[in-house]
Amino acid sequence: MTDLLLLPGDGIGPEVTAQVRRVAEALTPDLKLDERPFGGISYDQLGTPLADETLAAAKASRAVLMGAVGGPQWAGVPRDKRPEAGLLNLRAGMNVFANLRPALCFQPLADASTLKREVVEGLDLMIVRELVGGVYFGSPRFIEDLPGGGKRAVDTQVYTTPEIERVSRVAFELARGRRNKVASAEKSNVMDTGLLWREVVTDLHRREYADVELTHILADNAAMQIVKDPKQFDVLLTDNLFGDILSDAAAQLTGSLGMLPSAALGVAGTPGLYEPIHGSAPDIAGKGVANPLAAILSFEMALRWSLDRAADADRLFAAVGKALDGGARTRDLGGTLSTVEMGDAVLKAL
Ligand code: IPM
Ligand code: MG
């Protein structure tokens, strides 16, 4: 059985996952790795961004680590064959409904954020984003021509009680191991899905998690609070679309999108999907300057959440901190190290 399936994907994906491979080979040489094409490169080679065999291999692995997908060269491809569609189908196919997106400010990077040091220093926020429902997957969705000219486009935001409940449970459980606080963000003031979201979270909290401090916050206000006073949050629970937006905002607090890993988890015993939050970054792809730390930290999360190797995860996390303490900086962090040199720095710290 494959322990870790690597899906390097497009853009800077192959460059950063190559560093994950080096780290895995040094830290956990007994893990069985495999690698498959995914995203735009898979579309070019196989005519689809996610081949059936790739999805089957993902489901048969213990953990999957993706680099990044997409790029301008696939902009004209029909939407269901685009690299991003491959990613959505992978998430849905693996049924990884709970997306953990930590925003952690490493001490030596407190000045790398565009926000003031005192706002971000010591930040440790965990966004829990619902990942396989909502407007990303709701039907109907279409663009139609209107008789008088012009068009009409429809997306559908849809959530059910069990979908909200299972991701909320993950947020409450996580909070118990942290600072015991959950803020749930929705738009219950204008959306029915928001109303249901608030109701289900409130109910579950009363039934099973009354010991956790729960607050409800409107998603727009959450965006403001994230840049105003992010340290007020511990776990921030939200839906697929709001989670997409709020996690990009939170990422900037930490200095660079190049620092942030994520884990997408399904039901217990099924493989998790690990992705750096940054995209394929076509502007710097192939130049060897991308920051591999988000990918390396995604591997750290895989060790912790899917591979049952918490001690190795701790070692790797400490090694990343040590490399940063020692001044290792890629360009996004204001330094000059290449992707490979940052990999070297982590290996040396290990
Ligand atoms: C993310 C990305 C994806 C998303 C895209 C690439 C489909 O922005 O993981 O946040 O919207 O979920
Ligand atoms: Mg996003």
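The shell around ligand 1 leans on charge: by class, 5 of its residues are charged, 1 is nonpolar and none is polar. Since this is a predicted model, everything here describes computed geometry. The residues making up that shell are E84, R91, R101, R129, Y136 and D244. With tyrosine counted among the nonpolar residues, Y136 is the nonpolar member of the group.

Three of these side chains can be followed down to single atom pairs. In the case of Y136, an N or O atom of the side chain lies 2.6 Å from an oxygen atom of ligand 1. For R91, the matching distance between a side-chain N or O atom and an oxygen atom of the ligand is 2.7 Å. D244 also takes part, with a side-chain N or O atom 2.8 Å from an oxygen atom of ligand 1. As for how much of the ligand gets covered, ligand 1 on its own would expose 320 Å², and the protein buries 75% of that area.

Where does ligand 1 sit? The space it takes up is the largest pocket. That pocket holds about 970 Å³ of space. Its lining runs to 37 residues, and those lying nearest the centre are V69, E84, L87, R91 and G279. Three elements each give two or more residues to this lining, namely β3 (63–68), α4 (83–94) and α9 (240–253). Of the elements, α4 gives the most, with 6 residues. E84 and R91 turn up in both settings: they are among the residues around the ligand, and they are also among those nearest the centre of the pocket. Sorted by class, the pocket lining divides into 17 nonpolar, 14 charged and 6 polar residues.

Besides the pocket, there is an enclosed space to look at. The count of cavities of 30 Å³ or more comes to 1, and the space inside the largest cavity is about 50 Å³. Around it are Q157, Y159, A185, E186, K187, M191, T193, G194, W197, T238, D239 and F242. Two elements, β8 (181–186) and α7 (192–208), each supply at least two of these lining residues. The largest share belongs to α7, which brings 3 residues. By class, the cavity lining has 5 nonpolar, 4 polar and 3 charged residues.

Finally, two spots in the backbone deserve a mention. What is the form of the peptide bond from S139 to P140? That bond is cis, with omega near 5 degrees. P140 itself belongs to strand β6, which covers residues 138–145. The other spot is A281, a residue other than glycine that nonetheless has a positive phi, near 45 degrees. A281 is found in the loop that runs between β12 (272–274) and α10 (293–305).

Terms used
Residues are numbered from 1 along each chain as its sequence is written. Chains are lettered from A and ligands numbered from 1 in the order in which they are written. This is a predicted model: local features need pLDDT of at least 70, side-chain atom pairs count only at pLDDT 80 or more; totals for chains, interfaces and linings use all residues. Side-chain values use heavy atoms; hydrogens and water are left out. A residue is near a molecule or strand if one of its heavy atoms lies within 4 Å of it. A polar contact is a pair of N or O atoms within 3.5 Å; within protein, one must be able to donate a hydrogen and the other to accept it, and residues adjacent in sequence count only if both atoms are side-chain atoms. Accessible areas come from the Shrake-Rupley method with a 1.4 Å probe; for residues, only the protein chains shown count as cover. On a 1 Å grid over the protein atoms alone, a cavity is a set of points where a 1.4 Å probe fits but cannot get out, and a pocket is an open set with protein on both sides within 12 Å along at least five of seven lines; lining residues have an atom within 4 Å of a point. A molecule sits in a cavity or pocket if more than half of its atoms lie within 2 Å of its grid points. Grid points are joined across faces, edges and corners, and a volume is the space filled by probe spheres set on the points. Helices (H or I, at least four residues) and strands (E, at least two) are DSSP runs, numbered from the N terminus.
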